[in-house]
Amino acid sequence: MITIKDVFEDYRQQINGIYDTNETEAITLFVIAKVTGLSRASVKAFPERALTAEQSERAKNILAELKTGKPIQYIFGVTEFFGLPFKVNPCVLIPRPETEELVEWILFGAGERLKAKGERFSVLDIGTGSGCIAISLKKNLTDADVSAIDISEGALETAKENALLNEVEVNFILADILNIEHNKEKAQYNIIVSNPPYVTLDDKKQMHSNVTDFEPHTALFVPEHDPLIFYRAIADFSLSNLIAGGLLFFEINENLGNETVELLTGKGFKNIELRKDMSGRDRMVKAQL
């Protein structure tokens, strides 16, 4: 007979090398809740509760996948972002908590103000991946016209599924921001946001294998000699596609905050603000056209 306590012990022994103690516990709690259908509070409250043979077998199979470094979100195919459910798979990055902070900044730093004016306004998310930023913004700013682009067809398929799942309408566009036609006619966006690839090969050495081995490289990595390649392209695109006074928001490489600010200053953006995440790292930039 396998109990909840046994599963915790088993997971602790076998994946502690891949994750730290807190992560291991959180993952185990998540797995047991999923496998048994119990709430996390119940799992914690009744460690002596026995699992059925089927539940025990499922927990064992999940552990085998976890030991390869495969992220728990890919094993179950779902995650949560900004209080909403999102399907995830190896075509898309797993949304991170710091990106939630970016969404919050956009909502309360700009979205609410635009909403209060009562006018239609439009948002573009560049490199949308799972659609987490665009969908969370649309869910909270129902009057906004939200569009999102990505170079990956697989990512856009996932993002479309997530828009359906969360019952929002987002205009998804297949495009490569490094080779996109700039709108010469009329600037149309009040807000442009992007969490583009920004991980250098040097950064890669510090990263978990469960990220570098499983998550899509095109969404993560940039050339060592030009780590701001996407920021430059998006800034140029924004110059002709943001309306006057419009805002550009970025998630950034924590080691390149000043360089990103310099790039935007050089392009003529104003009111540039570099912001730290909850961990005290430079992770976000806002700039105004």
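The paragraphs below go through a predicted model, from its overall make-up to its cores, its helix pairs and a few single residues.

The protein has 289 residues, and 49% of them are buried. Its chain forms 12 helices and 9 strands. One way to look at the fold is to ask how far apart in sequence the touching residues are. Among contacts with a separation of 6 or more, 66% join residues that are 24 or more positions apart.

The next topic is the interior. In soluble globular proteins, nonpolar side chains tend to be buried together. In this model the largest nonpolar core has 32 residues. Which of its members touch the most other members? They are Leu102, Val123, Leu137, Val170, Phe172, Val193 and Phe249. Both helices and strands contribute to this core: at least two residues come from each of strand 2 (84-87), helix 6 (97-117), helix 7 (132-140), strand 4 (145-150), helix 8, strand 6 (189-194) and strand 7 (242-251). Helix 6 gives the most, with 7 residues. A second core lies apart from this one and has 25 residues, including Ile126, Ile177, Tyr198 and Ala287.

Helix 7 can be followed in more detail. Of its 9 residues, 7 are buried, so the helix is mostly covered. The buried ones are Cys132, Ile133, Ala134, Ile135, Ser136, Leu137 and Lys138. Leu137, one of the residues named above for the largest core, touches Val103, Ile106, Leu107, Val123 and Val193, leaving aside residues up to four places away in sequence.

Another residue of helix 7, Ile135, is buried and is in contact with Asn162. Asn162 itself sits in helix 8 (residues 153-165). Is Asn162 buried or exposed? Its relative accessible area is 0%, and a residue under 20% counts as buried, so Asn162 is buried. Beyond its neighbours within four places in sequence, Asn162 also contacts Pro85, Phe86, Lys87 and Ser130.

Two pairs of helices show how such elements pack. Helix 2 (residues 21-36) and helix 4 (residues 53-67) have axes 10 Å apart, at an angle of about 140 degrees. Helix 2 passes helix 4 in a right-handed crossing. From helix 2, the contact involves Ile27, Val31, Lys34, Val35 and Thr36, while helix 4 brings Gln55, Arg58, Ala59, Ile62 and Leu66. Sorted by class, these residues are 6 nonpolar, 2 polar and 2 charged. An α-helix has 3.6 residues a turn, so residues three or four places apart point the same way. The reader can look for this spacing in the residue numbers of the contact.

The second pair is helix 11 (residues 229-241) and helix 12 (residues 257-266), whose axes come within 10 Å and cross at roughly 30 degrees. Why do helix 11 and helix 12 count as roughly parallel? Angles under 35 degrees count as roughly parallel, and the crossing at roughly 30 degrees therefore places this pair in that group. Their crossing is right-handed. Tyr231, Arg232 and Ala235 of helix 11 meet Thr260, Leu263 and Leu264 of helix 12. In this contact, 4 residues are nonpolar, 1 is polar and 1 is charged.

Helix 11 also holds Leu239. With a relative accessibility of 35%, Leu239 counts as partly exposed. Apart from residues up to four places away in sequence, Leu239 touches Lys267, Phe269 and Leu289. The C-alpha atoms of Leu239 and Gly268 are 8.8 Å apart in space, although the two residues are 29 residues apart in sequence. A similar question of sequence and space can be put to Arg12, which lies in helix 1 (residues 4-15). Arg12 is 12 residues from Thr24 along the chain, and their C-alpha atoms are separated by 6.3 Å. At 39% relative accessibility, Arg12 counts as partly exposed.

Finally, two loop residues have a backbone angle to note. Phe82, in the loop between strand 1 (78-81) and strand 2, has a positive phi of about 55 degrees although it is not a glycine. Its relative accessibility of 21% makes Phe82 partly exposed. Glu167 lies in the loop between helix 8 and strand 5 (171-174). Phi of Glu167 is also positive, near 55 degrees, and this residue too is not a glycine. Is Glu167 buried or exposed? Glu167 has a relative accessible area of 71%, and because values over 50% count as exposed, Glu167 is exposed.

Key
Residues numbered from 1 in each chain as written. Predicted model: local features only at pLDDT ≥ 70, side-chain atom pairs only at ≥ 80, totals over all residues. Heavy atoms only, no water. Axes fitted to C-alpha atoms, helices over the stretch in contact; angles between N-to-C directions. Helix = DSSP H or I, 4+ residues; strand = E, 2+ residues; numbered from the N terminus. Left-handed = near helix turned anticlockwise from the far one by under 90°. Contact = heavy atoms within 4.5 Å. Nonpolar A, V, L, I, M, F, W, Y, C, P; charged D, E, K, R; others polar. Buried < 20%, exposed > 50% of the residue type's maximum accessible area, 1.4 Å probe, protein only. Core = buried A, V, L, I, M, F, W, Y, C linked by side-chain atoms within 4.5 Å. Parallel < 35°, antiparallel > 145°, perpendicular 65-115°, else oblique.
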